Amino acid sequence: MSDARLPSAAEFNVPMTATALTIAGSDSGGGAGIQADLKTFLACGVHGMSAITAVTVQNSLGVSGIYELPPHAVAEQIESVVTDIGVGAAKTGMLASAAIIEAVADAVVRLGVHPLVVDPVAASQHGDPLLRPDALAALRRSILPLADLVTPNTDEVRLLTGIEVGTHADMREAARALHAMGPAWVLVKGGHLTGSAATDLLYDGTGFTELPSRRHGTPHTHGSGDTLAAATCAALARGLDMRAAVHSGKEYVTAAIAGSYPLGRGLGPVGHFWRVRDLPGSVN
Ligand code: PLP
């Protein structure tokens with residue numbers, strides 16, 4: 001797999017002028033959330049910035065605590081970087097509560113944050129909730145209409161649309177239902193379905209594109225959803241159009257899953273640095 005538009009090792013030695021912002025939660029275990037996003041941004045050659053929504057107490061075994069930030073503190077972080085550094089593209093991950101969702105939506109509109117990738121994070125792979133149940137309506141009402149791309153897995157599809165995805169036909173129905181909620185593009189992720197291929201479905205309101213990839217039989221995929229959304233966001237920040245950005249994001253996360261590693265006693269993270277292994281001083 002090679003993509004001439006991806007940064008070469010030499011490019012990492014020059015200042016990164018493309019900028020990307022993640023609006024998401026912190027994972028103290030370093031595999032998902034803000035930490036995954038910033039590693040992905042770096043590996044994809046963009047300057048990463050963060051607006052933290054909540055701090056999770058988390059390791060490879062699961063989430064044992066969540067400390068939400070005040071909604072105005074989330075909005076202030078966004079405003080601070082937009083008005084000074086500038087944001088080439090942004091993504092949302094764990095938004096935690098309805099009040100934080102409303103604050104983020106208001107800041108996105110007021111400050112013209114665009115393009116916006118929305119990963120509608122609802123729970124961790126262990127099943128720990130990362131979104132209050134009453135926040136789903138706010139996600140549907142206030143964030144999805146602002147999204148240039150929304151990237152739900154099949155669990156998130158069920159929560160947002162009520163559609164139980166079991167087949168490729170269900171994926172199409174879900175993509176249509178989600179598109180009707182306002183996002184310009186929808187990527188329904190099929191990674192949770194059974195079968196040898198992890199096929200995702202991309203929909204822009206007119207045509208469907210299937211994105212197949214070989215399924216890797218590893219349980220160590222912690223942070224894979226965040227990583228796909230962040231890599232796609234980085235590609236948008238570097239100026240790719242949506243279709244090319246989604247392909248680039250999928251290529252990045254597929255290789256990161258192939259390079260995942262066990263850590264702790266539970267689920268290990270995907271390997272974010274596969275693309276920069278040849279850099280001087282690189283550790284993996
Ligand atoms: N923790 C945080 C803070 C996250 O943002 C996410 C993102 O989805 C997760 C955990 C879940 O990661 P995973 O579902 O890969 O375990």
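These legends describe close-up views of one predicted protein model with a ligand.

Residues are numbered from 1 along each chain as its sequence is written. Because this is a predicted model, local features need pLDDT of at least 70 and side-chain atom pairs count only at pLDDT 80 or more, while totals for chains, interfaces and linings use all residues, and side-chain values use heavy atoms, with hydrogens and water left out.

**View 1. The whole chain has 8 helices and 9 strands.**
Helices (H or I, at least four residues) and strands (E, at least two) are DSSP runs, numbered from the N terminus. The chain holds 284 residues, and 56% of them count as buried. Buried means under 20% relative accessible area, exposed means over 50%, and partly exposed lies in between (1.4 Å probe, protein chains only). Take the contacts between residues at least 6 apart in sequence: 69% of them join residues at least 24 apart. Here, contact means heavy atoms within 4.5 Å. The accessible surface of the chain is about 11,600 Å². Carbon and sulfur atoms supply 55% of that surface. Accessible areas come from the Shrake-Rupley method with a 1.4 Å probe; for residues, only the protein chains shown count as cover.

**View 2. The ligand is surrounded by 16 residues.**
The closest are Gln 58, Gln 125, His 222, Gly 223 and Asp 226. A residue is near the ligand if one of its heavy atoms lies within 4 Å of it. By class, this shell has 4 nonpolar, 11 polar and 1 charged residues. Ala, Val, Leu, Ile, Met, Phe, Trp, Tyr, Cys and Pro count as nonpolar; Asp, Glu, Lys and Arg count as charged; the others, Gly among them, count as polar.

**View 3. Oxygen atoms of the ligand lie beside His 222, Gly 223 and Asp 226.**
A ligand oxygen is 2.7 Å from an N or O atom in the side chain of His 222. At Gly 223 the partner is a polar backbone atom, 2.6 Å from a ligand oxygen. At Asp 226 an N or O atom of the side chain is 3.2 Å from a ligand oxygen. A polar contact is a pair of N or O atoms within 3.5 Å; within protein, one must be able to donate a hydrogen and the other to accept it, and residues adjacent in sequence count only if both atoms are side-chain atoms. Taken alone, the ligand exposes 390 Å², and the protein buries 94% of that. Strand S1 (19-27), strand S2 (47-59) and helix H7 (224-237) each give two or more residues to the shell around the ligand.

**View 4. Cys 44 and Cys 233 do not form a disulfide.**
A disulfide is a pair of cysteine sulfur atoms within 2.5 Å. By this rule the count is 0. The sulfur of Cys 44 has its closest cysteine sulfur in Cys 233, and the 9.9 Å between them is too far for a bond. Cys 44 is buried, at 5% relative accessibility. Cys 233 is also buried, with a relative accessible area of 0%.

**View 5. Ala 96 and Ser 97 sit in the loop before helix H3.**
This loop runs between strand S4 (89-92) and H3. Ala 96 has a positive phi of about 70 degrees, although it is not a glycine. Most residues other than glycine have a negative phi. Ala 96 is buried, at 2% relative accessibility. Ser 97 is buried as well, with a relative accessible area of 6%. A polar atom of the Ser 97 side chain lies 3.1 Å from the backbone nitrogen of Ile 100. Leaving out residues up to four places away in sequence, Ser 97 touches Glu 68, Leu 131, Arg 132 and Ala 135.

**View 6. The peptide bond from His 114 to Pro 115 is cis.**
Its omega is near -5 degrees. Most peptide bonds are trans. Pro 115 is in the loop between helix H3 (98-111) and S5.

**View 7. Ser 124 lies in the loop between strand S5 (116-118) and helix H4 (136-143).**
Ser 124 is buried, with a relative accessible area of 12%. Beyond its neighbours within four places in sequence, Ser 124 is in contact with Val 63 and Leu 130.

**View 8. Thr 206 lies in the loop between strand S8 (200-203) and strand S9 (208-211).**
Thr 206 is exposed, with a relative accessible area of 69%. Its side chain makes a polar contact of 2.8 Å with the side chain of Asp 204. Thr 206 and Arg 176 are 30 residues apart in sequence and 9.4 Å apart in space, C-alpha to C-alpha.
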